[in-house]
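Visitor: Could you take me slowly through a single part of this model, and explain each term as you come to it? I would like a close look at how the aromatic rings are arranged and at what surrounds them.

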Amino acid sequence: MSNDEIFAAAYREHYWAVSRYVARRLDGRTGEVEEVVAEVFTVAWRRRAELPHTPLPWLYGVARNCLANAVRGQGRRRRLLARLGNDDTAHGRHITSGPEAEPPGGWVHEALARLSAKDQEVLRLTAWEGLGVDELAVALGCGSRAASMRLHRARARLRTEIDRMGPAPATAPHRPHPATAVDATTAKEHGHG
C-alpha cells in the first residue's frame, strides 16, 4: 500500500472520530470545527509517510496541536474585538441563561472546567475518545507509564473537585465516623456506655 492509499484509508476510517473530538472541544461551533479538522488532515497529508499503523491516537495528537493554534487565534480575535468595541455585549446583545438551561450532567462539566487544561485533555481522551493508556500515550506524545500516571492524577483531581462542589447526597444513610464507632464500642465493653 502506498503512503497515499494509507492516508486515504485513515481519512475514510477516522474523519468522523476526529470531527467529534474537535467538536466536543469547540462546543460544536461548526465553522471552526470544519477548519480545525481540515487542518488536522492537511498536516496528516503532509506527514503521510509518518502515519502509524494505528493512526487515530496520532491524529488526536495532531488535532490537539491544531486546536491549540485555533484557541490562540480566538484569543487574538477577542482582544482585537475588545479594542474595537465590536462585540455582542457592547451592542446590548448579552445573553444570560436561566437555571432551567442547566445541561444534564452540568456539575461534571463544572468540576472538569476547574481542572488544568492538561488534566481535562487526559480525561477527555479516555472518556470521550475511548483511548486506552497506550493510545493515550501516543496522543500525548509520551510513554505509557507517564500517560498512566497523568490519567491517575487527573482522575484524583477530578474526584477532589467533585467532592468540593457540594454536600454528599441526602439519600445516603448516616454512618458514624469509624473512630467514633470504635470509641463507642470500647466504652460499652468497659461499662461506660
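**Aromatic rings and their surroundings**

Guide: The structure holds 8 aromatic pairs, where the rings of Phe, Tyr and Trp (for Trp, its six-membered ring) count as a pair if their centres lie within 6.5 Å, and where planes under 30 degrees apart are called stacked, over 60 edge-to-face and the rest tilted. One of these pairs is F7 with W45, which is edge-to-face because the ring centres are 5.2 Å apart and the planes stand at 75°. This pair links distant parts of the chain, since F7 belongs to helix α1 and W45 to helix α2 (residues 30–46), 38 residues apart; helices here are DSSP runs of H or I with at least four residues, numbered from the N terminus.

Before going further, please keep in mind that this is a predicted model, in which local features need pLDDT of at least 70 and side-chain atom pairs count only at pLDDT 80 or more, while totals for chains, interfaces and linings use all residues. Residues are numbered from 1 along each chain as its sequence is written, and side-chain values use heavy atoms, with hydrogens and water left out.

The two partners differ in their covering: F7 is buried, with a relative accessible area of 12%, whereas W45 is partly exposed at 37%. Buried means under 20% relative accessible area, exposed means over 50%, and partly exposed lies in between, using a 1.4 Å probe and protein chains only. A second pair, Y11 with Y15, is tilted, with 5.3 Å from centre to centre and 50° between the planes. Because Y11 and Y15 are 4 residues apart in helix α1, about one helical turn separates them. Both are partly exposed, Y11 at 36% relative accessibility and Y15 at 23%. Taken together, F7, Y11, Y15, W16, F41 and W45 form one aromatic cluster.

Charged side chains also meet rings here, and a charge is said to sit over a ring if NZ of Lys or CZ of Arg is within 6 Å of the ring centre and within 35 degrees of the ring normal. The charged end of R48 sits over the ring of W45, 3.7 Å from its centre, and R25 lies over the face of Y21, at 3.7 Å from that ring centre.

Helix α1 itself, residues 3–25, has a kink of about 55° centred on H14, where the bend at a residue is the angle between axes fitted to the seven residues ending there and the seven starting there. Its buried residues include F7, H14, V18, S19, Y21, V22 and R25. Just after α1, D27 takes a positive phi of about 50°.

S19 is a buried residue of this helix, with a relative accessible area of 10%, and it touches V33 and V37, not counting residues up to four places away in sequence; contact means heavy atoms within 4.5 Å.

From α1 we can follow the chain into the interior. The largest nonpolar core has 38 residues, and those with the most contacts inside it are V18, V22, V40, Y60 and L125; such a core is a set of buried Ala, Val, Leu, Ile, Met, Phe, Trp, Tyr and Cys residues joined through side-chain atoms within 4.5 Å. Helix α3 gives the most to this core, with 8 residues. V40, for its part, touches V18, L59, V62, A63 and C66, again leaving out residues up to four places away in sequence.

Note on methods. Helices (H or I, at least four residues) and strands (E, at least two) are DSSP runs, numbered from the N terminus.
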